[in-house]
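Visitor: I'd like to go through this one with you, charges first. Could you pull it up?

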Amino acid sequence: MESPRQGVEDTNDPLGTVSPLKVSSSTDALAVIDDIEDMINNKTDWEVRCQGLKNAMMYLKGNINQFPGCDFTILSTGIADCILDSRSTLVRWATLLVSACAMQLKSGFANSSDILIQNLFKQVPNGTQYISKSCSAALKYIYTYVTHRRVARSFLTAASNKSPASRVIVVQAIECFANNWPIKIVVGLKQNIDHVLNHMVNDSCFEVRKIASRVTVPSSVSPPTSPRSPSLKNTKKIEEKPKKGILKTPNRAPSASPSKIPIKLRSSPSSPMERKKNHRVSFAKTTDEIIIDEFRDTSNKKQSNSFELQQKEENKIPETTIDELMPPTSVKITLKFLNMLDDIIQCDQIDKLDGLEELLPESIIIGSRYVADFAKWRYSLEFLIPKFSQEFKDKILEILSTFFFDSLLLEIVDEVYKINTIAKMYLEAPRSFTNDAIQFFYQCSIKFPDYVPEIQVVQYLKSISENIPQKYYENLHKLIQLGTPASNNKEPLIQYIKTLLDNELLDFESQKNLLQIYNLTPSELTDFERDLAILWEDIVAQGKNKLIDNFTKFLVSVVPKLDVMSFAGFVDPLFILISSESPLNQKKFIELLTEFVGNEETLNCILSIVDSHIKKENLESGNLNIIINSIFEYINSHSDDKTDELITVISPRITPLLKSSSTSIRRYTISIFSAFYKANYALFEPYFKSLAPAQQRLIVMYAKK
């Protein structure tokens, strides 16, 4: 048989990469398994984990699994973690161990399979080709050697995977089930397999469609041909030998060939005498003949009963277990699944769910598509979510969504996980969960009126509440206000800004407490100005992008409103950022610099940088280009009145830039002068006439555009 791992390993045998290690007793075997478990679960040193996986393979090759009590299933969680690691070496040994266990332990490996199959499928789409191929090969070993319903359920559940490569593995597994697995298992799973195949024949992936279209799942177990019964042979021989004392028909015609004997239909006796005669004849048997007849009847009856029992045994449909209904594939199966869940819980038979913990949440999500009424699921979920809280946690956002954030379900979730924990899960969820997040917080604001979101959640709410329907806006805005820390009157304003900044809540527009700035005395304003500049310098020095972005946005909003303040101390740190950032990231800083142009003191600081470059005859500097760009953007976005104020300040100081070898700097300078020309020629005329005729013509041409 071709190895599933061919092309990934140099050998068809995963255990061929290691040498065997043996133990001499069950006690030693248990100690070894415990040591391996500790090594595989080591979180600090990945090389120790790698060695633990190798040791497991070596002892497995030494047949450690033959000792009573040697349970490899306790290693499954550690192996599953190694499979998800980013190091290809660790993934290699983890997948080799899975392949070896599947081949050696066969159905005994089924109890470990759920979490391993899930994690292997997660790595199949991995961009590292070796990791992807190793995990694919391990999955093939599992479905080839571990012939168990539980394994089949795990593979069928993965049929909805978004990765085409994963779906190809699923349909290959189904083909293996149909062709190579014990027929009793396959027949018991037929309905679920057919449901998956019906979807796969229309799959977007050609390979999936091709394989799915050729798979035929057997519908029943064919009864075996019954061997001929010895009793019938004996009876036949007895019939062929005439016995003494058997009554013969008188006046019998001479013997003739059977083919020449005319066949007549037997009619009912026409008279009482005939009936009486026939009655006497039928009982005219010797003791030997009676014994033979009784033997024949008994033998035929026993043979018939034996065949019927054997046929019933072969065609017997095994009693349905809950794992055979997972995941549900119709309304009828979902209701049956629900009833079995309720019965298991009511009868305290939770052991029937052993090994199915990982499959329960997904099965409930799929089942809710057929039976959406939460009232029907409430009894089961009230028990299952607390009982298997860790297994349900990974799927709890989907469960909330599938039951439309039912208020009773929110109560259960709050009791088990706490609402703030679930709220923070939305922060890390994909963007596709945004609409669900809006619904969740909206329902929480109604169900839990005293709920106060944490600061990180408040920031997330602000980011998703910009473009939402009015129905939700009021409730979400209320949560934002409840979660935003209030200013303490005794707390310095600069400290309050630091608090908001640390929690990514610094937004002048939404923080009414910042309006205290307008109430500061001149001396307080000077102190605040100084402290704010120092804070800005510290933020720039730290180089933390989130802090810089948040504070830059704050300054952009606050500078135009606080004309009583000077931001001269912010210019030098800003140019440090501009110089260190790539051109793609400079846009946000140019926006801030543009706002600084409108502040008289800050503008003088900016122009002093221009003067410095002109003095050094460094007219091609990137900083100069950014400054001239910012001045142009400011003039272009403000009224002529504002432009008039700048003509006499800016014109004489940027005129030398017309000699720059940088086309961009010259063009921006001409554009600024053309704006001055249009805004107030009388005021700009002295500076205009000092320019060369060619430069004047350019300015006039730009002004007429």
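Visitor: What does the secondary structure of the protein come to?
Guide: Keep in mind that this is a predicted model. No strands turn up in the protein, so going by the DSSP runs everything counted is helical. The tally is 35 helices and zero strands.

Visitor: How many salt bridges does the structure hold?
Guide: Side chains of opposite charge can pair when their charged atoms come close. The cut-off here is a Lys or Arg side-chain nitrogen within 4 Å of an Asp or Glu carboxyl oxygen. By that rule, the structure holds 15.

Visitor: How many residues apart are glutamate 362 and lysine 395?
Guide: Their side chains meet in a salt bridge, at 3.0 Å from N to O. The pair links distant parts of the chain: glutamate 362 sits in helix 16 (residues 360–368), and lysine 395 is in the loop between helix 18 (389–393) and helix 19 (396–402). Along the sequence they are 33 residues apart.

Visitor: Is glutamate 362 buried or exposed?
Guide: Buried means under 20% relative accessible area. Glutamate 362 has 14%, so the label is buried.

Visitor: And which glutamate forms a salt bridge with lysine 395 at 3.7 Å?
Guide: Lysine 395 is partly exposed, with a relative accessible area of 26%. The partner in question is partly exposed too, at 30%. With the closest N and O atoms 3.7 Å apart, the pair falls within the 4 Å cut-off, so it counts as a salt bridge. That partner is glutamate 398.

Visitor: Which helices do aspartate 611 and arginine 653 sit in?
Guide: The two side chains meet in a salt bridge, 2.6 Å from N to O. This pair also links distant parts of the chain, with their positions 42 residues apart in sequence numbering. Aspartate 611 is in helix 30 (residues 600–615), and arginine 653 is in helix 32 (residues 640–654).

Visitor: What relative accessibility does arginine 653 have?
Guide: Its partner aspartate 611 counts as partly exposed at 29%. Arginine 653 falls between the 20% and 50% cut-offs as well, so it gets the label partly exposed. Its value is 24%.

Visitor: Which residues are linked with Asp85 in a network of salt bridges?
Guide: An Asp brings the carboxyl oxygen, so the nitrogen has to come from Lys or Arg. In this network the partners are Arg49 and Arg87.

Visitor: Zooming out, what share of the residues counts as buried?
Guide: The protein has 705 residues, and the cut-off is under 20% relative accessible area. The buried share is 44%.

Methods
Residues are numbered from 1 along each chain as its sequence is written. This is a predicted model: local features need pLDDT of at least 70, side-chain atom pairs count only at pLDDT 80 or more; totals for chains, interfaces and linings use all residues. Side-chain values use heavy atoms; hydrogens and water are left out. Helices (H or I, at least four residues) and strands (E, at least two) are DSSP runs, numbered from the N terminus. Buried means under 20% relative accessible area, exposed over 50%, partly exposed in between (1.4 Å probe, protein chains only).
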